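Open the model in your viewer and keep the selection tool at hand. The stops below run from single residues to helices, then to open and enclosed spaces.

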Amino acid sequence: MIRRCEVELVLNAIRRSGVGQDVESLLVPNGTGRPRELKAEVFFTGAVLVAFKGLTLTLTNVHRALTEWIPISVQNALGTRIKTAPGVQSESITVREVRYLFSAIEDRLEYTVASAPEISDTEREIRSEAFQSVIDKLLRASLLQSMPTQLSLAWDSSGVESWGKPKWRATSTSDEVDLDVDDPGNPDALAIVRNSEQEATSKLKRKKKDKRDVYSFDPDAHLGYRTKTYDNRSSKLFGYDLYAGVAVLPVGAMADLLPKLVLSLTLRPAAGSVTEPTLLMLDRLIKEGHVIEELLVDRGFSYKIPEDWANELRKRDIRQIQDIHPNDHGVRDFEGIKIIDGVPHCDRIPERLIDIARPARFKVGPLKNKATKEDRENRERNLKELAEFAADNEEREQYAFVFHENNPTVQDPGNTRWMCPGKAGKIKCAHCPLSEFYSDDVPVVENPPVLVTAPKGCRQQTVSIPGPALAKLRQQEYWGSPAWIASYSRRSHIEGVFGNLRNPSTQNIKRGFCRVVGLVKTSLMLTFQAMAANIRLIRQWSRRTGDATDPLSELMPENFGFEELDEHGQIALAEPFDFDDPPDELAA
């Protein structure tokens with residue numbers, strides 16, 4: 001049973017978004033045609049209520065929520081129960097009407113090449129914008145109205161399996177590739193996978209068979225890869241990549257100052273570009289008036305070329321906080337200055353400090369209750385690795401140049417000026433006479449280069465370094481430092497959001513959580529799940545903090561139960577319960 005106050009809570013959020021009117025305008029652009037009993041905002045309300053209850057988000061359950069699980073008076077108010085004749089009990093809308101409405105929404109918003117190949121590129125772009133606007137408005141309606149507009153954002157992607165099962169013909173290469181494109185040890189995995197698929201397709205063409213080696217009832221889903229987990233049991237995925245962002249607080253802020261809510265999401269076929277949907281999301285948030293100060297991403301983004309990623313963030317004045325892909329570690333030379341992990345370093349830095357082994361974890365928590373011997377050994381190993389890394393990284397940072405100022409030019413807007421560590425007071429060097437007065441614990445440069453042939457950083461007070469030399473990996477905090485770890489650790493919030501969406505006791509997003517196919521329908525179902533999760537988290541946060549000022553955290557009246565009504569709308573008086581106590585078959 002769903003209470004009237006729960007229906008009103010969700011319905012008011014849907015109405016605040018304005019999406020109901022937008023969708024009705026798309027469905028009936030001229031206001032003509034036979035009126036529908038089921039309105040778009042009512043359908044959205046029913047879907048969110050089903051997700052809020054943790055039930056499978058099927059259209060049958062949405063229909064039952066709107067016609068069985070809410071009071072009849074609410075059904076009459078929403079229009080899901082229709083009066084056919086005076087003095088006759090009203091009739092519920094049919095599940096066919098629910099399915100028809102959802103399909104009609106898809107027909108008006110479908111924009112992918114696979115599902116709508118006949119529309120023009122202009123129409124495709126218009127539909128894509130309209131569809132993403134629907135998702136954005138629905139999500140924003142499930143946030144706190146007091147959400148700050150100036151924020152930091154943790155962003156990541158997660159695989160979502162399609163309800164449609166893939167089918168492909170067996171080939172000699174179909175089972176040879178089982179790689180994870182996010183696995184740092186396999187940086188070329190995606191290219192290998194695509195090459196294998198192309199080879200398999202070529203063989204099929206030569207045999208004059210179907211040219212597609214993968215086909216499914218879901219035309220928008222693609223074959224891709226994900227991180228293998230206990231639940232997944234496989235790194236292979238047929239479906240979509242869900243990209244989502246969560247607002248995170250500044251380092252050191254109170255943890256409960258803001259609940260961890262899904263701020264933005266978008267869905268793409270698996271194995272696609274990660275930068276394109278992310279940049280589009282950032283542009284939409286900026287257009288809405290948000291100021292994105294920081295973007296926290298994993299090391300998969302550091303592997304992107306600067307023209308596609310890092311430079312685009314700088315154009316938007318967004319600082320990137322990222323881990324570094326293993327293939328991007330190491331040293332690169334710029335006019336005798338060693339560029340390590342996006343920071344210029346002294347040419348005489350000890351070789352042992354250039355490549356520092358990354359620890360398995362940047363933070364090691366306490367042991368859980370009833371920890372096993374293996375748990376204790378793993379924790380000790382992680383602590384040891386982290387301590388060794390911290391010591392080496394701290395020593396290496398002493399050889400790092402110090403940022404002086406941005407020095408943009410017309411030809412190079414990313415140009416910057418840096419001061420050598422000797423002149424900045426971090427190391428002692430023969431080319432910096434004043435450094436002899438530094439404290440004894442400051443390292444000394446061994447065998448400094450001859451001044452005449454030394455790099456510019458040794459001969460000048462500051463040195464100019466062009467943007468392309470640092471663009472890919474440059475960050476505000478030195479990678480691996482305590483300040484960087486404290487900042488980057490906030491990215492775990494997006495992992496928590498994905499875990500919350502997948503938790504069987506909450507949203508339980510897995511294959512079959514919604515039994516529809518196609519990018520549009522699946523995206524909307526994911527949006528309903530995200531809205532339900534946001535509302536639930538806001539209400540939990542409200543109870544913890546005592547802040548009930550937001551409409552979504554409004555206290556609900558006490559639940560006094562309910563009575564069943566008969567076919568005439570009257571309280572159904574039941575006969576007294578009549579059963580054995582205990583039943584005969586259980587009696588001694």
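Start by selecting Asp 156, which sits in strand 3 (residues 150–161). Strands here are DSSP runs of E with at least two residues, helices are runs of H or I with at least four, and both are numbered from the N terminus. Asp 156 has 6% relative accessibility, so it counts as buried. Buried means under 20% relative accessible area, exposed means over 50%, and partly exposed lies in between (1.4 Å probe, protein chains only).

Before moving on, note that this is a predicted model: local features need pLDDT of at least 70, side-chain atom pairs count only at pLDDT 80 or more, and totals for chains, interfaces and linings use all residues. Residues are numbered from 1 along each chain as its sequence is written, and side-chain values use heavy atoms, with hydrogens and water left out.

Now show the neighbours of Asp 156. Leaving aside residues up to four places away in sequence, Asp 156 touches Leu 242, Tyr 243, Ala 244, Asp 298, Arg 491, Ile 494, Glu 495 and Phe 498. A contact means heavy atoms within 4.5 Å. Add Thr 278: it is 122 residues from Asp 156 along the chain, with 9.0 Å between the C-alpha atoms.

**The whole chain**

Zoom out. The protein has 588 residues, and 46% of them count as buried. Colour by secondary structure to see 17 helices and 14 strands. Among contacts with a separation of 6 or more, 69% join residues 24 or more positions apart. Switch on the surface: about 31,100 Å² is exposed, and carbon and sulfur atoms supply 51% of it. Accessible areas come from the Shrake-Rupley method with a 1.4 Å probe; for residues, only the protein chains shown count as cover.

**Helix 1**

Select residues 4–17. The 14 residues of helix 1 should span 20 Å at 1.5 Å a residue, and its end C-alpha atoms are 20 Å apart, which agrees. The expected span is 1.5 Å times one less than the number of residues. Buried in helix 1 are Cys 5, Glu 6, Val 7, Leu 9, Val 10, Leu 11, Ala 13, Ile 14 and Ser 17. What do these buried residues pack against? Their partners are helix 2 (19–27), helix 3 (40–52), helix 5 (72–78), helix 7 (121–141) and helix 17. Just after helix 1, Gly 18 takes a positive phi of about 75°.

**Helix 17**

Follow that last partner to residues 519–545. Helix 17 has 27 residues and reaches 38 Å from its first C-alpha to its last, close to the 39 Å expected. Of its 27 residues, 22 are buried, so helix 17 is largely enclosed by the rest of the structure. Gly 546, just after helix 17, has a positive phi of about 80°.

**Two positive phi values outside glycine**

Most residues other than glycine have a negative phi. Select Asn 508, in the loop between helix 16 (492–502) and helix 17. Its phi is near 55°. Asn 508 is partly exposed, with a relative accessible area of 22%. Then go to Asp 341, in the loop between strand 10 (337–340) and strand 11 (343–345). The phi of Asp 341 is also positive, near 55°. Asp 341 counts as buried, at 6% relative accessibility.

**Strand 8 and the second largest pocket**

Select Gln 322 in strand 8. Is Gln 322 buried or exposed? At 0% relative accessibility, Gln 322 counts as buried. Among the residues it touches are Val 297, Phe 301, Ser 302, Trp 479, Trp 484 and Tyr 488.

Strand 8 (319–322) also gives two or more residues to the lining of the second largest pocket, as do helix 11 (310–315), strand 12 (402–406), strand 13 (416–419) and helix 14 (467–470). A pocket is an open set of points on a 1 Å grid over the protein atoms alone, with protein on both sides within 12 Å along at least five of seven lines; in a cavity, a 1.4 Å probe fits but cannot get out, and lining residues have an atom within 4 Å of a point.This pocket holds about 940 Å³. Its volume is the space filled by probe spheres set on grid points joined across faces, edges and corners. Select Arg 314, Phe 403, Asn 406, Thr 416 and Arg 474, which lie nearest the pocket centre among 37 lining residues. Helix 11 gives the most, with five residues.

**Last stop: the second largest cavity**

Finish at Cys 346, Asp 347, Phe 401, Cys 420 and Cys 458, nearest the centre of the second largest cavity. Its volume is about 120 Å³.
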